[in-house]
Amino acid sequence: MGFQIGEFMFLALAMGLVVLTGGIDLSVVANMNVAAIVIAWILSGSELGRIGSPILSIVIAVVLGLLSAIVCGVINGCLVSMAGVNPIVATLGTQLLFAGIATAATNGSSIGVSVIDYSMFGISSVAGIPTVFLIGIISYAITGWVASHTRYGRELYFYGSNPVASLFSGHRVNRTIIITYAISGLFVAIAALVMVARVNSARVGFGGTYLLQALLVVVLAGFDPFGGRGKFANLFLSVIMLQVLQTGFTILNFSPFIKNLTWGAALIFVMIVNRLLEYKTSVNCKSSHDTKDNNISKK
């Protein structure tokens with residue numbers, strides 16, 4: 001399962017960060033495909049990939065893959081923060097833009113990887129634990145620590161809870177949003193690196209179902225779609241749980257269409273349950289306050 005979980009755990013982490021701001025990133029899969037195509041093109045043995053040793057090609061591919069995804073993330077952040085575009089509209093537009101760039105660059109065909117040393121990364125392990133899974137654990141741990149113990153993390157949660165109050169409190173709101181989308185782009189780049197190493201190629205449209213699944217695990221983990229609430233430890237457990245279900249569906253030979261139906265229905269169900277629980281909590285709090293006020297007035 002550690003090998004199968006692959007790039008999805010990083011896409012879920014990227015989505016979770018953005019959701020904390022009260023936003024959403026519909027372009028994570030398209031961004032991943034752009035970065036993967038950049039990486040695969042360099043490692044395919046063409047042009048730049050023929051310069052120097054395989055190790056140099058790998059270094060160049062990793063650096064350019066990281067830069068391309070982070071730049072795409074910064075574009076999203078600037079559209080949301082500085083241009084004031086709604087996150088859904090902004091990332092839907094960039095999703096089409098990134099997908100168009102990837103399609104135009106490859107004509108819709110796949111690009112294979114010819115550097116064998118890089119392909120070994122996708123199947124390597126440390127003490128019997130897949131390297132990709134270890135990197136994922138470290139990424140979740142670092143992100144959770146940063147979100148809980150740094151000024152950036154406090155501003156991130158505060159902005160997600162109340163953007164207006166955060167603005168008038170003197171927080172650098174635009175910077176927080178741009179940094180968040182940039183970090184999201186970083187994790188998307190790691191997902192692209194993992195994907196290319198795992199399947200030894202890249203193509204437009206790979207991982208189309210990851211977007212729905214990323215949204216599902218974020219909601220399952222207790223992240224508020226309106227921002228300001230969510231723990232990355234819970235997100236990690238949700239990713240594991242969903243991967244177990246995915247493996248079970250594969251063993252039972254479920255159709256991909258049934259899988260999509262299940263994920264979509266589960267997402268809607270969980271969001272409705274969350275809203276009902278929040279409504280019940282608010283009603284109980286209001287009734288308790290009213291009871292307390294009545295007791296005070298009687299005294």
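This is a tour of one predicted protein model, stop by stop.

**Before starting**

Residues are numbered from 1 along each chain as its sequence is written. Because the model is predicted, local features need pLDDT of at least 70 and side-chain atom pairs count only at pLDDT 80 or more, while totals for chains, interfaces and linings use all residues; side-chain values use heavy atoms, with hydrogens and water left out.

**The whole chain**

Show the full protein chain first. The C-alpha trace spans about 85 × 50 × 35 Å along its principal axes. The chain holds 13 helices and 4 strands; these are DSSP runs numbered from the N terminus, with helices (H or I) of at least four residues and strands (E) of at least two. The radius of gyration is 21 Å, which agrees with the value near 19 Å for a compact globule of 299 residues. That radius is taken over C-alpha atoms, and the globule rule is 2.2 Å times the number of residues to the power 0.38.

Of the 299 residues, 45% are buried. Buried means under 20% relative accessible area, exposed means over 50%, and partly exposed lies in between (1.4 Å probe, protein chains only).

**Two domains**

Colour residues 1-253 as domain 1 and 254-298 as domain 2; these bounds come from an automatic or database domain assignment. The C-alpha centres of domain 1 and domain 2 lie 29 Å apart. Where they meet, 18 residues of domain 1 are in contact with 14 residues of domain 2, contact meaning heavy atoms within 4.5 Å.

**Helix α13**

Select α13, residues 256-298, and find asparagine 260 in this helix. Asparagine 260 counts as partly exposed, at 34% relative accessibility. Not counting residues up to four places away in sequence, asparagine 260 touches Thr209 and Leu212. Leucine 212 is 48 residues from asparagine 260 in sequence, yet the two are 8.3 Å apart in space, C-alpha to C-alpha.

**Helix α8**

Move to α8, residues 151-161. The buried residues of this helix are Tyr152, Gly153, Glu155, Leu156, Tyr157, Tyr159 and Gly160. Now add the helices that these buried residues pack against: α2 (8-20), α7 (131-149), α9 (163-168), α10 (173-199) and α12 (232-251).

**Helices α3 and α5**

Next, select asparagine 33 in helix α3, residues 28-42. Asparagine 33 is buried, with a relative accessible area of 5%. Leaving aside neighbours within four places in sequence, asparagine 33 is in contact with Met195, Arg203, Val204, Gly205 and Phe206.

Keep Val204 on screen and add threonine 106, which lies in helix α5 (residues 87-106). Threonine 106 counts as buried at 7% relative accessibility. With neighbours within four places set aside, threonine 106 is in contact with Ile37, Ile111 and Val204. Tryptophan 41 is 65 residues from threonine 106 along the chain, and their C-alpha atoms are separated by 9.5 Å.

**Two asparagines with positive phi**

Most residues other than glycine have a negative phi. Select asparagine 107, in the loop between α5 and β1 (111-112). Asparagine 107 has a positive phi of about 60° and counts as exposed at 71% relative accessibility.

End at asparagine 200, in the loop between α10 and β4 (201-202). Phi of asparagine 200 is also positive, near 60°. Asparagine 200 counts as partly exposed at 34% relative accessibility.
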